[in-house]
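Let's take a walk through this protein together, starting from a pair of strands and working outwards to the cores and helices. Keep the viewer open as you read.

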Amino acid sequence: MKGIAEWLASIGLSEYAQRFADNAIDLSVIRDLTEQDLKDLGVLLGHRRKILRAIAELPAAAAPAETATEPAPRDEAERRQLTVMFCDLVGSTALSARLDPEEMWGVIASYHACIGEVIGRYQGMIARYMGDGVLAYFGYPRAQEDDAEQAVRAALALVDAVANLRTNVGAALQVRIGIATGTVIVSELLIDETPAEQAVVGETPNLAARLQALAQPGAVLICPSTRRLTGGHFDYRDLGPVPLKGWAEPVPVWQVLGASGVESRFEAMHKTKLQPLFGREEEIELLLRRWRHATQEAGRVVVLTGEPGIGKSHIALALEERLQSEPHIALRYFCSAHHTNSALFPFIGQLERAAGFERSDSVTEKLSKLDALVAQSTADPEHVAVLASLFALPARDRYQLQELSPQKRKEKTLAALLAQLDGLAARQPVFIIFEDIHWIDPTSLCHGGARAAASDTAARHCAARIHVALAELPAHDHDPALAPWPTRGRGIGRAGDERQETAEGGHGRDSRPHRWRAAVH
């Protein structure tokens with residue numbers, strides 16, 4: 001589920017994000033807001049009406065992701081792997097000595113609200129508030145394969161979010177964070193025979209606390225197991241073995257500097273050069289033939305379907321390597337199980353990478369980078385303004401965008417994305433890879449449908465030179481939203497298996513491009 005800031009940005013009112021955060025308003029209470037509440041927050045009349053309409057249109061709370069493992073009810077302790085985060089507010093003692101208790105309470109309340117929003121956004125759980133310290137768990141009560149990665153992303157987001165909190169202390173707040181992953185025992189802590197919280201016993205929480213105490217202000221430190229699990233997703237500084245109280249031997253420690261430039265989960269976990277593909281020559285040749293047709297005739301779409309780990313991403317990367325010597329533009333989009341309800345998540349991620357956004361970039365720098373990126377494909381200044389709103393960047397001068405209804409803003413956003421794609425295809429053939437499309441959000445799927453609906457028009461101009469490879473799981477094999485063209489199926493078994501090509505659908509002599517499914521069984 002997206003956060004309150006992203007929801008406000010989706011209706012064009014991102015200027016109220018900080019005000020909502022300062023008053024501890026998140027998506028769990030948004031439906032309870034009244035017009036008087038919004039008035040008390042200082043929201044303008046027209047904006048109050050827009051917010052109340054958007055609240056009324058909110059869907060029912062989404063069910064937990066299927067990828068999560070629900071814990072079974074239990075009466076005794078449970079052994080499990082957990083990623084533990086300790087977060088501490090730097091200089092809080094000196095701050096409390098300088099501020100009136102009521103002012104200090106306001107600072108801590110804003111700080112706690114900020115942490116709660118960020119931890120929740122990354123599927124973590126606040127285990128305990130300890131004054132200016134916070135203990136959080138990732139992997140409890142539901143375990144997911146990327147809990148360690150989510151914890152590190154949450155930590156980096158916390159460093160930035162706390163530094164940007166608006167308080168009356170006269171200086172930016174800072175936190176220090178320690179993260180450790182390992183096996184623990186989880187049990188209910190009872191106070192007066194009433195369940196109070198989940199108590200975690202083991203080396204892991206102690207290690208996270210020691211790392212937090214060791215960290216410099218604004219730094220995130222992790223242990224060896226967390227470093228191994230997060231792989232190439234981040235850039236690190238190796239601090240070497242560090243003596244820690246309670247440990248007989250020094251413990252290797254890394255500081256997380258930020259997200260790496262690696263684009264996909266597959267590449268992040270395979271930092272070394274991949275081994276050549278064996279037994280997949282026929283599949284690669286099929287994909288290359290579709291690419292030739294796309295560059296010479298009209299667009300092609302190929303769907304790679306298969307169980308996790310069977311090699312869909314490896315095949316797509318191998319094809320991209322084959323095309324390195326040919327003139328083309330490659331665009332890569334990545335869907336996520338954690339962002340199935342985040343509008344246009346794969347497109348926003350691709351724009352961020354293509355523009356070269358950095359954590360340290362100012363608003364002006366980000367707008368300048370976005371302007372340079374969009375200028376490569378379209379000269380319409382409105383497209384820059386529309387795409388800037390996706391990142392909740394405040395409008396300035398030429399980036400001003402007139403007030404639009406949510407539906408109109410959505411239409412203009414999709415039009416800007418399509419215009420960018422068409423502009424790129426005018427220069428060179430475009431090769432698009434969509435990873436994990438079974439996790440695509442509804443708005444992005446609508447955008448994909450819009451591209452398909454426009455295929456007849458696109459075929460008459462440059463956008464015909466587009467080749468799309470989609471990777472998905474078998475359960476989504478026959479999603480009609482992804483099948484705009486006549487369909488053929490090709491079974492691609494494990495290397496060495498016999499293969500048979502069968503027609504799944506068609507329209508007689510229809511000359512429109514075929515969509516090929518490379519199904520890995």
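A good place to begin is strand β10, which is largely enclosed by the rest of the structure, because five of its six residues are buried. Please bear in mind that this is a predicted model, so every statement here describes that prediction.

Strand β10 covers residues 329–334, and six bridges join it to β11, with the two strands running parallel. You can follow the register residue by residue: Arg332 has Ile433 in β11 as its bridge partner, and Tyr333 stands opposite Phe434 in β11. Is β11 itself mostly covered or mostly open? Strand β11, residues 430–435, is mostly covered, with six of its six residues buried. Try looking along the strand to see how its side chains alternate. Val430, Ile432 and Phe434 point one way from β11, while Phe431, Ile433 and Glu435 point the other way. Both sets are buried, and the charged residue Glu435 is among them.

From here, let's step back to the whole chain. The protein has 521 residues, and buried residues make up 48% of them. Its secondary structure comes to 18 helices and 15 strands. If you draw a contact map, look away from the diagonal: among contacts between residues at least 6 apart in sequence, 72% join residues at least 24 apart.

Now for the nonpolar interior. Which residues touch the most other members of the largest nonpolar core? In this core of 38 residues, they are Met85, Tyr111, Ile177 and Ile179. Several elements give two or more residues to the core, including β1 (78–89), α6 (101–121), β4 (175–191) and β8 (251–259). Helix α7 gives the most, with nine residues. To see one of these core members in its setting, select Ile177. Not counting residues up to four places away in sequence, Ile177 touches Met85, Phe86 and Cys87, together with others including Ala155, Leu158, Val159 and Leu221. Apart from this core lies another, of 33 residues, with Ala337, Val374, Leu417 and Leu421 among them.

A further residue worth selecting is Thr204, in helix α8 (residues 203–214). Thr204 has a relative accessible area of 5%, so it counts as buried, the cut-off being under 20%. Leaving aside neighbours within four places in sequence, Thr204 is in contact with Leu82, Val84, Ala180, Thr181, Gly182, Thr183 and Val184.

Our last stop is a pair of helices. Helix α13 (residues 345–355) packs against helix α14 (residues 363–375) at an angle of about 100°, with their axes 9 Å apart. That angle makes α13 roughly perpendicular to α14, because values from 65 to 115 degrees count that way. Where do they meet? On the α13 side the contact involves Leu351, Ala354 and Ala355, and on the α14 side Lys369, Leu370 and Leu373. By class, this contact has five nonpolar residues, no polar ones and one charged residue. Within α13, the buried residues include Pro346, Phe347, Ile348 and Gly349, and also Leu351 and Ala355, two residues that take part in the contact with α14. After α13 comes Gly356, whose phi is positive, near 80°.

Note on methods: Residues numbered from 1 in each chain as written. Predicted model: local features only at pLDDT ≥ 70, side-chain atom pairs only at ≥ 80, totals over all residues. Heavy atoms only, no water. Axes fitted to C-alpha atoms, helices over the stretch in contact; angles between N-to-C directions. Helix = DSSP H or I, 4+ residues; strand = E, 2+ residues; numbered from the N terminus. Parallel < 35°, antiparallel > 145°, perpendicular 65-115°, else oblique. Contact = heavy atoms within 4.5 Å. Buried < 20%, exposed > 50% of the residue type's maximum accessible area, 1.4 Å probe, protein only. Pairing = 2+ DSSP bridges. Core = buried A, V, L, I, M, F, W, Y, C linked by side-chain atoms within 4.5 Å.
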